[in-house]
Amino acid sequence: MELYEIAATAFGVVMLLLTTRELARRKIGLLQYSLWTALWLALILIGTIPQFYHTLVLVTQALGMYTPIHFVTTFSILVLFAVAYYLGRRIAELDDKLSMAVQHIALQSANTKHAGLIEEKAEPPAA
Amino acid sequence: MRIACIIPAFNEESTIAEMVRGALKHCSTVIVVDDHSQDRTAELSWRSGARVVKHILHLGAGAALSTGFRAALRGGFKIFVTIDGDGQHDPDEIPTALDPILKHEADMVIGSRILQGSRSMPLIKKIGNRILSIATSFVSGTKITDSQSGFRAYRREVLDCAMHRARDYRWASEILVLAAKEGFRIKEVPITAVYRERLKGAGIRDGLKILYSTMKSL
């Protein structure tokens, strides 16, 4: 067994265990778990069954790519663009929600304490 | 007439008390929106007679102002005045801004720092303000000389229909464009402005963002 095969298998197994633990702790959803698991299993397969890599070569060549690494890098870049777009949108949405929550809390507190009711003028304490 | 003065403030302990006391001479209520200051802004505002609305996180001038507007709208006020908390504006000029509204000549009044001459305004701000005012005038269809002025007066109806959404300095142009598109009458009156040593406000990056969002609303 070549060194890269051992490294790929070990890394894949460790990451699969970590990902499974995250799922058990409900820190990730089933969809996210499935996507990562597919990646780790592919790594383990490449490490343990080198012929799997040759199968991948045939598949990627059928897709018009010279080697699997071309496929992986090209596809990863596309996925990263999609992830960046999605995360940007999500952050903007959360930012808006956070802003609304802060304003809501400010208005609620203003009606109950410190500033007194907006409708009824409270006497400020002596300086 | 119930008039609320709204002062958005962020770390303004050196000037806020003076601004609140000055505004209270002309308005029935002063609402200071403390945008998560790290100093005694909220306490000094309260002690000076303002009602204080506090943000638990720093959101920006636009968000502070919209919180203040919402508080005042809930309070049933009919007219709103806004001034900056940094001491740039003279609260004794509030009647100048209120006058066109009380005389039913305008629905929204902008205190322009340009109309009386803007010698005290730093050059970079003068250039930026000019560019943004031209862009805002073009988009809104109303001639504005100082689109970024925080010294303003509004009738309640304007805020009912044209409340801004921007959290940062973009609010100034956004609300102007919205009000103009709703057909509200906008008027400018000359005001003076004092630029203190500790100069705050919109920078070049903010200016570019304002320009982009203003032109986007075409």
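**Exercise 1. Work out how exposed B:Asn11 is, where it sits and what its backbone does.**

Solution. Start with the neighbours: B:Asn11 has 19 other C-beta atoms within 10 Å, so it is partly exposed. A count of 20 or more would be needed for a buried residue. Next, find its place in this predicted model: B:Asn11 is in the loop between strand E1 (3-9) and helix H1 (16-24) of chain B. Finally, look at the backbone: phi of B:Asn11 is near 55°, which is a positive value in a residue other than glycine. That is worth noticing, because most residues other than glycine have a negative phi.

**Exercise 2. Repeat the steps for A:Arg26: is this residue buried or exposed, and where does it lie?**

Solution. Count first: A:Arg26 has 7 C-beta neighbours inside 10 Å, so it counts as exposed. The cut-off for that class is 12 or fewer. Then locate A:Arg26: it lies in the loop that links helix H1 (3-24) and helix H2 (30-48) of chain A. Its phi is near 60°, again positive in a residue other than glycine.

**Exercise 3. Describe how helices H5 and H8 of chain B are arranged.**

Solution. Step one is distance and angle: the axes of H5 (residues 123-140) and H8 (residues 204-216) of chain B come within 9 Å and cross at roughly 10°. Step two turns the angle into a word. Angles under 35 degrees count as roughly parallel, and H5(B) and H8(B) are therefore roughly parallel to each other. Step three asks who makes the contact: on H5(B) the residues are B:Gly128, B:Ile131, B:Leu132, B:Ala135, B:Thr136 and B:Val139, and on H8(B) they are B:Gly207, B:Ile210, B:Leu211, B:Thr214 and B:Met215. Step four sorts these residues by type: seven are nonpolar, four are polar and none is charged.

**Exercise 4. Find the residues with the most contacts inside the largest nonpolar core, and follow one of them.**

Solution. The largest nonpolar core has 69 residues. Those with the most contacts inside it are B:Cys5, B:Ile6, B:Ile7, B:Ile31, B:Val32 and B:Phe80. Now follow B:Ile6. Setting aside neighbours within four places in sequence, B:Ile6 is in contact with B:Ile31, B:Val33, B:Leu65, B:Gly68, B:Phe69, B:Ala72, B:Phe80 and B:Thr82.

**Exercise 5. Compare separation along the chain with separation in space for two residues of chain B.**

Solution. Take B:Leu24 first, which lies in helix H1 of chain B. It has 16 C-beta neighbours inside 10 Å and so counts as partly exposed. B:Leu24 and B:Gly49 are 25 residues apart in sequence, with 7.9 Å from C-alpha to C-alpha. Beyond four places in sequence, the contacts of B:Leu24 are B:Val30 and B:Gly49.

Now take B:Arg155, found in strand E6 (residues 152-155) of chain B. With 19 C-beta neighbours inside 10 Å, B:Arg155 also counts as partly exposed. The C-alpha atoms of B:Arg155 and B:Ile204 are separated by 31 Å, and these residues are 49 apart along the chain. Outside its neighbours within four places, B:Arg155 is in contact with B:Ile79, B:Ile101 and B:Asp107.

**Exercise 6. Sketch the build of chain A: how many helices and strands does it have?**

Solution. Chain A has four helices and zero strands, so its elements run α-α-α-α from the N terminus on. Of its 127 residues, 9% count as buried. For an example, choose A:Arg89 in helix H4 (residues 68-112): it is exposed, with 10 other C-beta atoms within 10 Å. A:Arg89 and A:Ile46 are 43 residues apart in sequence and 35 Å apart in space, C-alpha to C-alpha.

**Exercise 7. Decide where the prediction calls for care.**

Solution. Begin with the averages. Chain A has a mean pLDDT of 82, with 87% of its residues scoring at least 70; chain B averages 88, with 96% at that level. Within chain A, helix H3 (residues 51-62) has the lowest mean pLDDT of the elements (80), and H1(A) has the highest (91). Over residues 114-127 of chain A the pLDDT is below 50, although this stretch has 23 contacts in the model beyond near neighbours in sequence. Where pLDDT is low, the predicted coordinates should not be read in detail. For the complex, the predictor gives an ipTM of 0.81 and a pTM of 0.76.

Conventions: Residues are numbered from 1 along each chain as its sequence is written. Chains are lettered from A and ligands numbered from 1 in the order in which they are written. This is a predicted model: local features need pLDDT of at least 70, side-chain atom pairs count only at pLDDT 80 or more; totals for chains, interfaces and linings use all residues. pLDDT is the predictor's confidence in each residue, from 0 to 100. Axes are lines fitted to C-alpha atoms, for helices over the stretch in contact, and angles run from 0 to 180 degrees between N-to-C directions. Angles under 35 degrees count as roughly parallel, over 145 as roughly antiparallel, 65 to 115 as roughly perpendicular and the rest as oblique. Two residues are in contact if their C-beta atoms, placed from the backbone, lie within 7 Å. Ala, Val, Leu, Ile, Met, Phe, Trp, Tyr, Cys and Pro count as nonpolar, Asp, Glu, Lys and Arg as charged, and the others, Gly among them, as polar. A nonpolar core is a set of buried Ala, Val, Leu, Ile, Met, Phe, Trp, Tyr and Cys residues joined through C-beta atoms within 7 Å.
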